[in-house]
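Subject: Handing over the structure

Hi there,

Here is the structure I promised to pass on to you. Have a look at it first, and then read on for what turned up in it.

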Amino acid sequence: MRTVNPEQHARKRARILEAAAFEFAAGGVDGTSTADICRRAGIGSGTLFHYFPTKRDVFHALFADDLARNAEVCAQALTAEDPAEGVRQVVEHLLADLANPLVPGLMAAVLLQVNRDPEFAGLMAGDEQRTRATLTELLGRMDPARLAFPPERVAAWIHRVADATFFAAAEDTFDPAAELREFRRLVTWLTGG
């Protein structure tokens, strides 16, 4: 019986997902074939299907891995003694990939997939609810007189503006470092910091 080396398995899976990210960013789900992913990853179709039975599964996995990281960040943020530090942790995670050139294409693919794949839409909605609930709880621990709006509204604004910032990444004049600095200032204003 053949044994599986967990590290090798994880590396190959990561290579497949990295290749898929490039392909989905360029062509969306419809414009990407499993052959495209295999070619970029340097693997055969049998290997791809060993890891992911369908192209849809590849797309889901690409985002499910990040959802797990987001859940970890949210859980960690909730343990922060200073709620402002917890908010900062969530915000930094939300914008961690801002400089990634694949983001605009992947965001477009996400929007399309959310509107036609109920399972994927559920994954994304659950992640959004977790993030907003985490931000709302952290903001609720802060002095309400300092917040620009009630905690749930501040959480919604932070999340919406973070999402919109990724869509702006496709603009020619987009500067990720400047956008991140401005976003941090906006969060500081919203939280009265």
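Let me begin with one residue. F59 is buried, since its relative accessible area is 0%. Please keep in mind throughout that this is a predicted model.

F59 has a partner, F63, and both belong to helix α4, which covers residues 55-78. Four residues separate them, about one turn of the helix. F63 also counts as buried, at 14% relative accessibility.

How many aromatic pairs are there in the whole structure? A search finds five. F59 and F63 make one whose ring centres are 5.0 Å apart with the planes at 55 degrees, so this pair is tilted. These two residues also belong to an aromatic cluster, together with F24 and F120.

Another pair is made by F149 and W189, and its geometry is edge-to-face, with 6.3 Å from centre to centre and 80 degrees between the planes. This pair links distant parts of the chain, as its members are 40 residues apart. F149 is in the loop between α7 (118-140) and α8 (151-168), while W189 is in helix α9 (residues 176-190). Are these two residues buried or exposed? F149 counts as partly exposed, at 35% relative accessibility, and W189 counts as exposed, at 54%.

One more ring deserves a look: W157 has the charged end of R160 sitting over it, 6.0 Å from the ring centre.

**The overall picture**

Stepping back, the chain has nine helices and zero strands, so to speak an α-α-α-α-α-α-α-α-α pattern when read along the sequence. Its C-alpha atoms fill a box of roughly 60 × 45 × 30 Å along the principal axes. Of its 193 residues, 39% count as buried. Among contacts in the chain with a separation of 6 or more, 70% are between residues 24 or more positions apart.

**The nonpolar cores**

In soluble globular proteins, nonpolar side chains tend to be buried together. Here, the largest nonpolar core has 26 residues. Those with the most contacts inside this core are V87, V91, L95, L135, L139, I158 and F183. Which helices supply at least two residues each? They include α5 (83-94), α6 (103-114), α7, α8 and α9. The most comes from α8, which gives six residues to this core.

L135 is a good place to zoom in. Setting aside its neighbours within four places in sequence, L135 is in contact with V87, V90, A155 and I158.

Apart from the largest core lies another one, of 25 residues, which includes A19, C38, L48 and L62.

**Helices α7 and α8**

α8 has 18 residues, and the distance from its first C-alpha to its last is 26 Å, close to the 26 Å expected at 1.5 Å a residue. Its buried residues are P151, V154, A155, A156, I158, H159, A162, T165, F166 and A168. What covers them? The cover includes α5, α6, α7 and α9.

Within helix α8 you will find H159. This histidine is buried, with a relative accessible area of 6%. Not counting residues up to four places away in sequence, H159 touches L94, E128, T131 and R132.

α7 has 23 residues and reaches 32 Å between its first and last C-alpha, close to the 33 Å expected at 1.5 Å a residue. The buried residues of α7 are F120, D127, T131, T134, L135, L138 and L139. Some of these names have come up already: F120 belongs to the aromatic cluster, T131 touches H159, and L135 and L139 are listed among the residues with the most contacts inside the largest core. The cover over the buried residues of α7 includes α4, α5, α6 and α8.

**A word on the cysteines**

How many disulfides does the structure hold? The count is zero. C38 is buried, with a relative accessible area of 7%, and C74 counts as buried too, at 2%. C38 is also one of the residues of the 25-residue core.

If you would like a route through the model, you could begin with F59 and F63 in helix α4, go on to L135 and its contacts, and finish at H159 in helix α8.

Happy exploring, and best wishes!

Definitions and conventions:
Residues are numbered from 1 along each chain as its sequence is written. Side-chain values use heavy atoms; hydrogens and water are left out. Rings of Phe, Tyr and Trp (its six-membered ring) pair if their centres lie within 6.5 Å; planes under 30 degrees apart count as stacked, over 60 as edge-to-face and the rest as tilted. Buried means under 20% relative accessible area, exposed over 50%, partly exposed in between (1.4 Å probe, protein chains only). A charge sits over a ring if NZ of Lys or CZ of Arg is within 6 Å of the ring centre and within 35 degrees of the ring normal. A nonpolar core is a set of buried Ala, Val, Leu, Ile, Met, Phe, Trp, Tyr and Cys residues joined through side-chain atoms within 4.5 Å. Contact means heavy atoms within 4.5 Å. A disulfide is a pair of cysteine sulfur atoms within 2.5 Å. The expected span of a helix is 1.5 Å times one less than its number of residues.
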